Amino acid sequence: MISHRVGKRDYWTGNTFVEDVRNRVRLPVQIATDNHRPYAFHIRQHFGYEGYNYGTETKVFGEPKLPDGTLARLGRNEGVRKMQTAERKAVIGSPDLESLTTSHVERAFLTVRQELKRFERKGLGYSKSLEMHKLAVALHFGVYNFVRQHHTLGTTPAVAAGLEEKPWSLEQVVEMTEAYWLRKRFPFIGETI
């Protein structure tokens, strides 16, 4: 249901991510991805060929234009390119092309980039250690999905999805984090002989 992976956008990270997603969902399911080439292979490898629908969405952006309609002569990485269309295509099965979108995950990425200072390169919170970066991202998604009550839902995403009966408190998250670190530093504590 809820899965994320921190890593490069490469074959191995994609393989690990899709395998984790497969272990968390029950079929039937509809999968939507962008056109990253390895996804089609990984999805077939871990999901098989039956019992789910898979499609891709490719967003086509136009060049920035001036109010008179001429192309803007902007420097590199300047200006906002407007999306012209989203091309959706079925890859496996019969996905509902009207509801097939990657916008939900893109919105989650925007929230992470805006709220988690570890993604701000020139800020004091910038991650220097990959391990701490991964832990910060995991903590962010945990609080975002299990603690923070979203205005549009009226509750947390985990409660809305039926994963939890009630929202977690920040105190619970602190206790779980402390227990995690104790298990990691002292794995023999709590073992019975």
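## Val29 and strand β1

Let's start with Val29, which sits in strand β1. In this predicted model, Val29 has a relative accessibility of 23% and so counts as partly exposed, because the partly exposed class covers everything between the buried cut-off of under 20% and the exposed cut-off of over 50%. Leaving out residues up to four places away in sequence, Val29 touches Phe47, Gly51, Tyr52 and Asn53.

Take Tyr52 from that group. Val29 and Tyr52 are 23 residues apart in sequence, yet their C-alpha atoms are 5.0 Å apart in space. Try finding that pair in the 3D view.

Step back one residue along the chain and you reach the peptide bond between Leu27 and Pro28, which is cis, with omega at about 0°. Pro28 belongs to the loop between α1 and β1. As a rule, most peptide bonds are trans.

## The whole chain

Now zoom out. The protein has 6 helices and 3 strands, and along the sequence they follow the pattern α-β-α-β-β-α-α-α-α. It has 193 residues, and 26% of them count as buried.

The protein exposes about 14500 Å², with carbon and sulfur atoms supplying 54% of that area. What about contacts between distant parts of the chain? Among contacts with a separation of 6 or more, 48% are between residues 24 or more positions apart.

## Helix α1, residue by residue

Helix α1 covers residues 11–24, and three of its residues show how varied its surroundings are in terms of accessibility. Trp12 is part of this helix and counts as exposed, at 61% relative accessibility. Together with Tyr11 and Phe41, Trp12 forms a nonpolar patch on the surface, and the accessible area of the three comes to about 370 Å².

Phe17 is also in α1, but at 25% relative accessibility it counts as partly exposed. Setting aside neighbours within four places in sequence, Phe17 is in contact with Ser3, His4 and Arg5. Phe17 and Val6 are 11 residues apart along the chain, and 9.1 Å separates their C-alpha atoms.

Is Asp20, another α1 residue, buried or exposed? Its relative accessibility is 18%, so Asp20 counts as buried; the cut-off for that label is under 20%. Beyond residues up to four places away in sequence, Asp20 touches Ser3 and Arg5. Ser3 and Arg5 also turn up among the contacts of Phe17. In general, residues three or four places apart in an α-helix point the same way, because the helix has 3.6 residues a turn.

## How α1 meets α2

Helix α2 takes in residues 38–47, and it packs with α1 at an angle of about 35°, with the two axes 9 Å apart. The crossing of α1 past α2 is right-handed. On the α1 side, the contact uses Tyr11, Gly14, Asn15, Val18, Glu19, Val21 and Arg22. On the α2 side, the residues are Pro38, Tyr39, Phe41, His42, Ile43, Gln45, His46 and Phe47.

Why is α2 described as largely enclosed by the rest of the structure? The reason is that 7 of its 10 residues are buried. Those residues are Pro38, Tyr39, Ala40, His42, Ile43, His46 and Phe47. They pack against α1, β1 (29–33) and β2 (52–61). One of them, Phe47, is also touched by Val29, our starting point.

Just after α2 comes Gly48, which has a positive phi of about 85°. For comparison, most residues other than glycine have a negative phi.

## Further along: α3, α4 and His150

A second helix pair is worth a look. Helix α3 (residues 103–115) packs with α4 at an angle of about 115°, and their axes are 11 Å apart. Here too, the crossing is right-handed. Ala108, Thr111, Val112 and Glu115 of α3 make the contact with His140, Phe141 and Tyr144 of α4.

Past α4 (130–146), His150 lies in the loop leading to α5 (157–160). His150 is buried, because its relative accessible area is 14%, and the buried cut-off is under 20%. What surrounds His150, apart from neighbours within four places in sequence? Its contacts are Tyr144, Thr155, Thr156 and Pro157. Tyr144 has already appeared above, as one of the α4 residues in contact with α3.

Terms used. Residues are numbered from 1 along each chain as its sequence is written. This is a predicted model: local features need pLDDT of at least 70, side-chain atom pairs count only at pLDDT 80 or more; totals for chains, interfaces and linings use all residues. Side-chain values use heavy atoms; hydrogens and water are left out. Patches are made of residues with over 30% relative accessible area and no salt bridge: like charges are joined within 9 Å, nonpolar side chains (Val, Leu, Ile, Met, Phe, Trp, Tyr) within 5 Å. Accessible areas come from the Shrake-Rupley method with a 1.4 Å probe; for residues, only the protein chains shown count as cover. A salt bridge is a side-chain nitrogen of Lys or Arg within 4 Å of a carboxyl oxygen of Asp or Glu. Helices (H or I, at least four residues) and strands (E, at least two) are DSSP runs, numbered from the N terminus. Buried means under 20% relative accessible area, exposed over 50%, partly exposed in between (1.4 Å probe, protein chains only). Axes are lines fitted to C-alpha atoms, for helices over the stretch in contact, and angles run from 0 to 180 degrees between N-to-C directions. A crossing is left-handed if the near helix is turned anticlockwise from the far one by less than a right angle, and right-handed if clockwise. Contact means heavy atoms within 4.5 Å.
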